[in-house]
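Subject: Structure for you to look over

Hello,

The structure is placed below, and my notes on it follow. Please read them with the model open.

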Amino acid sequence: MNLVKHISFVDCPGHEFLMATMMAGASVMDAAFLLVSGNDPCPQPQTAEHLAAVEIMALKSVVVLQSKIDLINPSQAKENQEQIQSFIRGTCAQDSPIIPISALREFNLDVVCEYICNHIPTPIRDFTSPPVLSIVRSFDINYPGSSVEDLKGGVAGGTLIRGILKLGDQVEIRPGLIEKDEHGKIKCTPFVSQVRSLYSEQNALQFATPGGLIGVGTTIDPILCKGDRLVGQVMGTKT
């Protein structure tokens with residue numbers, strides 16, 4: 001078995017109160033899977049929101065996955081596929097393949113992998129510009145009851161849009177802390193931090209390059225990163 005591509009997946013919930021998370025996730029994608037439940041009428045509200053996000057981000061590579069195909073008979077699958085075709089007509093996904101799958105039965109998963117490897121192009125990456133990371137997740141990795149001495153800074157997760165980020169880099173996160181001053185005007189104070197750790201899945205890195213998801217350990221107060229509070233912000237090296 002040969003490694004052809006290393007890919008990262010971003011799960012983008014389509015519910016209204018998670019719209020910011022969904023849009024932040026869509027902003028770092030090179031391609032998208034539009035997952036449609038085969039045993040439900042199409043479109044569901046969240047499916048329409050997902051497709052709207054894909055169109056806003058102008059993604060050119062879209063694959064429609066008709067899931068749970070093992071729970072319906074062939075005539076129901078055909079009817080559902082026609083609903084999907086009607087739904088995506090006139091959108092950026094209208095020429096996209098519709099692949100019926102069953103994750104439970106592992107049906108057509110090999111077809112999905114083949115399509116990723118042979119039909120979704122890898123974008124040209126910019127390795128020379130100053131690094132810019134789009135943040136799609138942030139969290140506190142400290143356990144409840146941790147002592148002050150053992151506390152670690154918050155973690156920002158996302159994708160490098162350009163450049164190379166290295167351990168020890170001094171970085172800024174903008175817009176940072178957003179608050180109102182005594183006159184009621186909005187004031188933004190960027191977070192200044194140092195890159196303490198870099199991870200891709202379970203792999204510790206010395207540096208990170210564009211493409212794929214990474215976790216960046218920082219020196220920022222973890223309460224400011226807890227619960228995806230940094231979603232939608234941008235990290236770059238401090239000038």
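Glu172 stands opposite Val192 in strand 8, and Ile173 stands opposite Phe191 in that strand. These positions belong to the pairing of strand 7 (residues 170-180) with strand 8 (residues 186-194), which is antiparallel and runs over 8 bridges. Two strands are taken as paired if DSSP finds at least two bridges between them. Helices (H or I, at least four residues) and strands (E, at least two) are DSSP runs, numbered from the N terminus. The hairpin of strand 7 and strand 8 has 5 residues between the strands, and Gly184 there takes a positive phi near 85 degrees.

Before going on, note that this is a predicted model: local features need pLDDT of at least 70, side-chain atom pairs count only at pLDDT 80 or more, and totals for chains, interfaces and linings use all residues. Residues are numbered from 1 along each chain as its sequence is written, and side-chain values use heavy atoms, with hydrogens and water left out.

Strands 7 and 8 are part of an open sheet of 8 strands, in the order 8-7-13-4-5-12-9-10, with antiparallel pairing. Strand 8 and strand 10 (203-204) are at the edges with a single partner strand each, so one side of each has no neighbour in the sheet. Strand 7 also holds Pro175, and the peptide bond that leads to Pro175 from Arg174 is cis, with omega near 5 degrees.

Strand 5 is where Thr159 is placed. Thr159 is buried, at a relative accessible area of 6%; buried means under 20% relative accessible area, exposed over 50%, and partly exposed in between (1.4 Å probe, protein chains only). With neighbours within four places in sequence left aside, Thr159 is in contact with Val28, Val132, Leu133, Ser134, Gly211, Gly212 and Leu213, where contact means heavy atoms within 4.5 Å.

Next, the cores. A nonpolar core is a set of buried Ala, Val, Leu, Ile, Met, Phe, Trp, Tyr and Cys residues joined through side-chain atoms within 4.5 Å. The largest one has 17 residues, and Leu165, Val216 and Met235 have the most contacts inside it. Two or more residues of this core come from each of strand 4 (132-139), strand 5 (155-162), strand 7 and strand 12 (214-217). Leaving aside neighbours within four places in sequence, the contacts of Leu165 include Pro131, Leu160, Val171, Val195, Leu198 and Phe207, as well as Val216 and Met235. Another core, of 14 residues, lies apart from the largest one and has Ala32, Cys42, Ile84 and Ala93 among its members.

Cys42 is also one end of a cis peptide bond, the one to Pro43, with omega near 5 degrees. Pro43 is in the loop between strand 1 and helix 2.

Ile84 is in helix 3, where the buried residues are Ala77, Asn80, Gln81, Ile84, Phe87 and Ile88. Seen down the helix axis, these residues fall within an arc of 120 degrees, so they line one face of helix 3; the arc is that of the directions from the helix axis to the C-beta atoms. They pack against strand 1, helix 2 (45-56), strand 2 (62-67) and strand 3 (98-100). Helix 3 (residues 74-88) has 15 residues and reaches 21 Å from its first C-alpha to its last, close to the 21 Å expected at 1.5 Å a residue, the expected span being 1.5 Å times one less than the number of residues. Gly90, just after helix 3, takes a positive phi of about 85 degrees.

How many aromatic pairs does a search of the whole structure find? The search finds 1. The ring centres of Phe9 and Phe33 are 6.0 Å apart and their planes are at 35 degrees, so the pair is tilted. Rings of Phe, Tyr and Trp (its six-membered ring) pair if their centres lie within 6.5 Å; planes under 30 degrees apart count as stacked, over 60 as edge-to-face and the rest as tilted. Phe9 is in the segment before helix 1 (19-26) and Phe33 in strand 1 (residues 32-37), so the pair ties together parts 24 residues apart in sequence. Phe9 is exposed, at 57% relative accessible area, and Phe33 is partly exposed, at 32%.

Regards
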